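Subject: Structure handover

Hello,

Here is the structure I promised you. Please open it alongside this email, and my notes follow below.

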Amino acid sequence: MKQYCFLLLLLYPFLPSSAQPHGHGHDHHNERAIHFPDTDQYLTLVADLHMHTVFSDGSVWPDIRVEEAVRDSLDAISLTEHLEYQPHAEDLPHPDRNRAHDIAAELALPHDLMVLRGAEVTRSMPPGHSNAIFIQDANKLLIDDPVAAFEEANRQGAFTFWNHPNWIAQREDGVATLTDMHRDLIRRKLLHGIEVVNDLTISKEAFRIALDNNLTVMGTSDIHGLVDWQYDLHKGGHRPVTLVLATERTPEAMKAALIAGRTVAWFENTLVGREENVRAVVEASLRVTSAAYFGASSVVEVTIHNDSDAAYLLENLSGYSLQSDLGPITLSPNGSTSVNVMTLKQLGDLSLKFRVLNAMVEPEKALEVTLQIKPE
Ligand SMILES: [Zn+2]
Ligand SMILES: [Zn+2]
C-alpha cells in the first residue's frame with residue numbers, strides 16, 4: 001500500500017477558496033442531516049438503498065420513507081420491497097411490484113431526493129436475499145430460478161448486492177460465507193456488491209469478502225419500522241448509509257460509482273470501505289486551520305477542523321508527545337479540536353501521523369493519515 005501524505009494547504013487564511021469544503025446544495029444546518037464533505041474528485045452522495053413499506057413487510061406507507069429521507073438529507077433511496085414475501089397481501093392486494101416505488105417517486109418530486117427503482121429478491125440460501133437497484137420493472141424479477149432473476153435484473157441494467165449475508169436466520173453462526181452460487185454470480189458479473197453493514201449489524205467477514213472479490217461495500221438500514229425509533233435519533237443516532245463517491249448528482253453517475261465500487265459504509269461512528277475511498281472521505285473532512293507555537297516554547301497548538309458527522313478517533317503515531325491528550329484524540333464532528341504538540345524545538349514544518357481508529361480499510365486495519373503542518 002503506497003504511503004500517502006495529504007498536503008493540506010495549511011494556514012488559513014491562506015487557504016485557497018477552491019480547497020474549501022463545498023456542499024452540494026443540502027441543508028446541513030438540519031440537525032439530523034447526515035453530512036460528509038465532497039472529496040477532491042467526487043461528490044459524496046448519501047444513499048440508503050434498502051428499505052421496506054407496507055408493500056412488503058414494512059409498517060409504513062411510502063410517504064414516510066420519503067419524509068424520513070428528506071429529514072436525513074439523503075441524496076438517494078430505494079424502496080426494495082420483498083418480491084416474494086408479501087405478508088400484507090390480503091389487506092393490500094397489489095399485483096404490481098413497482099407500486100411502492102411509483103408512489104414514492106411521485107411524492108419525492110418536490111424534494112431534492114432521488115428515488116431509485118429497486119426490489120429485494122427474497123430467496124432461501126443460496127443465494128439468500130439480494131437487492132437489485134436501477135431496474136426497469138420489478139414484476140419481471142418474479143422468476144422461480146434465482147440465477148435467472150439475477151440475469152433479468154442485469155438485463156434491466158441493475159446494480160445488485162447480497163443483503164445481510166450475516167443474518168442468523170439464514171446463517172446460524174452469523175459468519176458471512178460465499179457459496180458456489182455466489183462465486184458463480186460474481187464470476188459472471190451478475191452480483192456487484194455486498195452489505196457489510198445492515199441495520200444494527202456489521203460483518204467483518206462480509207468486508208473481507210468484499211475486498212477479496214471486488215464487491216462494492218454497502219451499508220443500509222433495511223428499515224421496516226421508523227428510522228427515528230430504530231436508530232435513537234433523539235439521542236443523536238443516525239441510520240446506516242452508503243456514501244457514494246460520484247461524478248455528478250444523477251442516478252446514472254450513482255450507478256457508475258456503485259459499479260466501480262466507490263463507496264464507504266457509515267455505521268454508528270465507524271466508516272468502512274476500500275482504502276482509497278475511506279481516505280478520500282477522511283482527508284476531505286480534515287483541515288488544519290491554525291498552528292502556532294506558544295511564545296518561545298516548543299509546544300505548538302494545532303487546530304483541526306472536522307467537516308463531517310464522524311467523531312474521528314485518532315491514535316497519535318507522530319513520534320511527538322502531546323500535552324493535550326493521553327490516548328486517542330477525538331475530533332469533534334462538524335467542529336474544531338486543538339491539540340498541543342511537543343516538538344522539543346520550534347520547527348518550520350512538521351508532519352503529524354495518525355491512525356484513524358474508526359475508519360476501517362480492512363477488517364483489522366484502520367486508515368493512517370498524515371497532516372502536514374507549517375506553524376506560524
Ligand atoms: Zn432481506
Ligand atoms: Zn430487506
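One cut-off first: a residue counts as buried when its relative accessible area is under 20%. Keep in mind that this is a predicted model.

Strand 5

With that cut-off, start at strand 5. Five of its five residues are buried, so strand 5 is largely enclosed by the rest of the structure. Both faces are covered. H129, N131 and I133 lie on one side, and S130 and A132 on the other.

Strand 5 has partners. Strand 4 (residues 118-122) runs antiparallel to strand 5, and five bridges join the two. A119 sits opposite A132 there. Strand 6 also pairs with strand 5 in the antiparallel sense, over four bridges. In that pairing, I133 faces F159 of strand 6.

The turn between strands 4 and 5

Six residues separate the two strands of this hairpin. Check the peptide bonds here. The bond from M125 to P126 is cis, with omega near -20°. The bond joining P126 and P127 is cis as well, with omega about 5°. P126 is in the loop between strand 4 and strand 5, and P127 is found in that loop too. G128 takes a positive phi near 75°.

The zinc site

Which residues hold the zinc ion (ligand 1)? The protein donors are E120 through OE, H129 through ND1 and H164 through NE2. They lie 2.0 to 2.2 Å from the ion. In sequence, the donor residues are spaced E-x8-H-x34-H. The two histidines link distant parts of the chain: H129 is in strand 5, and H164 is in the loop between strand 6 (159-162) and helix 4 (180-187), 35 residues apart. Both H129 and H164 are buried.

There is a second zinc ion, ligand 2, and it is 3.4 Å from ligand 1. E120 coordinates both ions.

Helices

Helix 1 (residues 62-71) and helix 2 (residues 99-107) cross at roughly 45°, and their axes come within 9 Å. That angle makes helix 1 oblique to helix 2. The crossing is right-handed. P62, D63 and V66 make the contact from helix 1. From helix 2, the contact comes from A100, I103, A104 and L107.

Helix 8 (residues 275-285) is mostly covered, with nine of its 11 residues buried. Charged side chains are on that list: the buried residues include E275, R279 and E283.

R208 is in helix 5 (residues 204-213). Is R208 buried or exposed? At 32% relative accessibility, R208 counts as partly exposed. Leaving out residues up to four places away in sequence, R208 touches E362 and P363. The C-alpha atoms of R208 and P363 are 6.5 Å apart, although 155 residues separate the two along the chain.

Two backbone points

S73 has a positive phi of about 55° although it is not a glycine. S73 is in the loop between helix 1 and strand 2 (76-77). At 6% relative accessibility, S73 counts as buried.

D222 is another non-glycine residue with a positive phi, near 50°. D222 is in the loop between strand 9 (216-220) and helix 6 (227-230). Its relative accessible area is 11%, so D222 is buried.

Best wishes

Terms used
Residues are numbered from 1 along each chain as its sequence is written. Chains are lettered from A and ligands numbered from 1 in the order in which they are written. This is a predicted model: local features need pLDDT of at least 70, side-chain atom pairs count only at pLDDT 80 or more; totals for chains, interfaces and linings use all residues. Side-chain values use heavy atoms; hydrogens and water are left out. Donors are N, O and S atoms within 2.8 Å of the metal (3.2 Å for Na, K and Ca); water is not among the atoms, so sites may look incomplete. Buried means under 20% relative accessible area, exposed over 50%, partly exposed in between (1.4 Å probe, protein chains only). Two strands pair if DSSP finds at least two bridges between them. Axes are lines fitted to C-alpha atoms, for helices over the stretch in contact, and angles run from 0 to 180 degrees between N-to-C directions. Angles under 35 degrees count as roughly parallel, over 145 as roughly antiparallel, 65 to 115 as roughly perpendicular and the rest as oblique. A crossing is left-handed if the near helix is turned anticlockwise from the far one by less than a right angle, and right-handed if clockwise. Contact means heavy atoms within 4.5 Å.
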